[in-house]
Amino acid sequence: MAALSELRTPRSGPPAVNVPHEPGGPDDALVRSAQRGDRGAFGLLYSRYSRMVHGILLARVPFSDVDDLVQDVFLQALPRLSALREVSHFPGWLASIARNRATDFHRRVNPNEEFDEESASAQTASSTPSASHSSHTSAEAHAVLDAIRSLPDAYREPLILRLVEGMTGPEIAARTGLTHGSVRVNLHRGMQQLREILGRKASPPTGGAL
């Protein structure tokens, strides 16, 4: 599954960096500074959280649209940031904006259809570019991504954050506002189901003529 790293992080905007979460520490101070209009602080928040936003979107929308939507999420977050009362809630708040942006994307693509996880998963799978149309990603990476997208949403998002974005379990919990326990359980169960799917695809057909 190492090929999934080819799908990692946006390729535009400030570079994403792997910074460990420190409760009540630098993130809170950065949020307060950004609320006061410090664009540099907001740029650092982008660097810290762009992987999370990228992963949340990658779990829900076509691969070719993810990078642009990452920018949209931060552009939506910037003018709303001053209204955020609890700066410690920033990670979950930003994650919610990303999920809502993905929902809005599907509603605009299919304005007469209700958004649901199954239709979203089918659309993202069908819209994912094949290896022949992309010089940056491999057929293996897209095959694994399609398998992850076929899983329930509770497993899909943490698996992509872990396997594609390279985030640890505790970092996923800190960044998304989920509990450590739920992230650990969802990663474990999601990996089990993912291995089963990939195992079935890799196994040659059995049995002969009836």
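Let's start with how the chain is wired: of the contacts between residues at least 6 apart in sequence, 71% join residues at least 24 apart. Keep in mind that what you're looking at is a predicted model. The chain is built from nine helices and zero strands, so if you read along from the N terminus, the pattern is simply α-α-α-α-α-α-α-α-α.

How much of this is tucked away? Of the 210 residues, 46% count as buried. On the outside, the chain exposes about 10,700 Å², and carbon and sulfur atoms supply 52% of that area.

Now go inside. The largest nonpolar core has 52 residues, and the ones with the most contacts inside it are Val53, Leu57, Phe90 and Leu94. Plenty of helices chip in: H1 (26-35), H2 (39-58), H3 (63-80), H4 (90-109), H6, H7, H8 (169-176) and H9 (180-202) each supply at least two residues of this core. Which helix gives the largest share? That would be H2, with ten residues.

Val53 is a good place to zoom in. Leaving aside residues up to four places away in sequence, Val53 touches Val70, Val73, Phe74, Leu94 and Ala98. One of these partners, Leu94, is itself listed among the core residues with the most contacts.

Next, take a look at a helix pair further along the chain. Two packed helices are described by the angle between their axes and the distance between the axes. For H6 (residues 139-149) and H7 (residues 153-163), the axes come within 9 Å and cross at roughly 150 degrees. Since angles over 145 degrees count as roughly antiparallel, H6 and H7 are therefore roughly antiparallel to each other. Where do they meet? Leu145, Ile148 and Arg149 on the H6 side meet Arg156, Leu159, Ile160 and Leu163 on the H7 side. Sorted by class, this contact has five nonpolar, no polar and two charged residues.

Stay on H7 for one more stop, because helix H7 is also where you'll find Glu157. Is this glutamate buried or exposed? Buried means under 20% relative accessible area, and Glu157 sits at 5%, so Glu157 counts as buried. And what does Glu157 touch? Again not counting residues up to four places away in sequence, its partners are Ile56, Ala59, Arg60, Arg99 and Thr176. Among them, Ile56 falls within H2 (39-58), Arg99 within H4 (90-109) and Thr176 within H8 (169-176).

Conventions: Residues are numbered from 1 along each chain as its sequence is written. This is a predicted model: local features need pLDDT of at least 70, side-chain atom pairs count only at pLDDT 80 or more; totals for chains, interfaces and linings use all residues. Side-chain values use heavy atoms; hydrogens and water are left out. Helices (H or I, at least four residues) and strands (E, at least two) are DSSP runs, numbered from the N terminus. Buried means under 20% relative accessible area, exposed over 50%, partly exposed in between (1.4 Å probe, protein chains only). Contact means heavy atoms within 4.5 Å. Accessible areas come from the Shrake-Rupley method with a 1.4 Å probe; for residues, only the protein chains shown count as cover. Axes are lines fitted to C-alpha atoms, for helices over the stretch in contact, and angles run from 0 to 180 degrees between N-to-C directions. Angles under 35 degrees count as roughly parallel, over 145 as roughly antiparallel, 65 to 115 as roughly perpendicular and the rest as oblique. Ala, Val, Leu, Ile, Met, Phe, Trp, Tyr, Cys and Pro count as nonpolar, Asp, Glu, Lys and Arg as charged, and the others, Gly among them, as polar. A nonpolar core is a set of buried Ala, Val, Leu, Ile, Met, Phe, Trp, Tyr and Cys residues joined through side-chain atoms within 4.5 Å.
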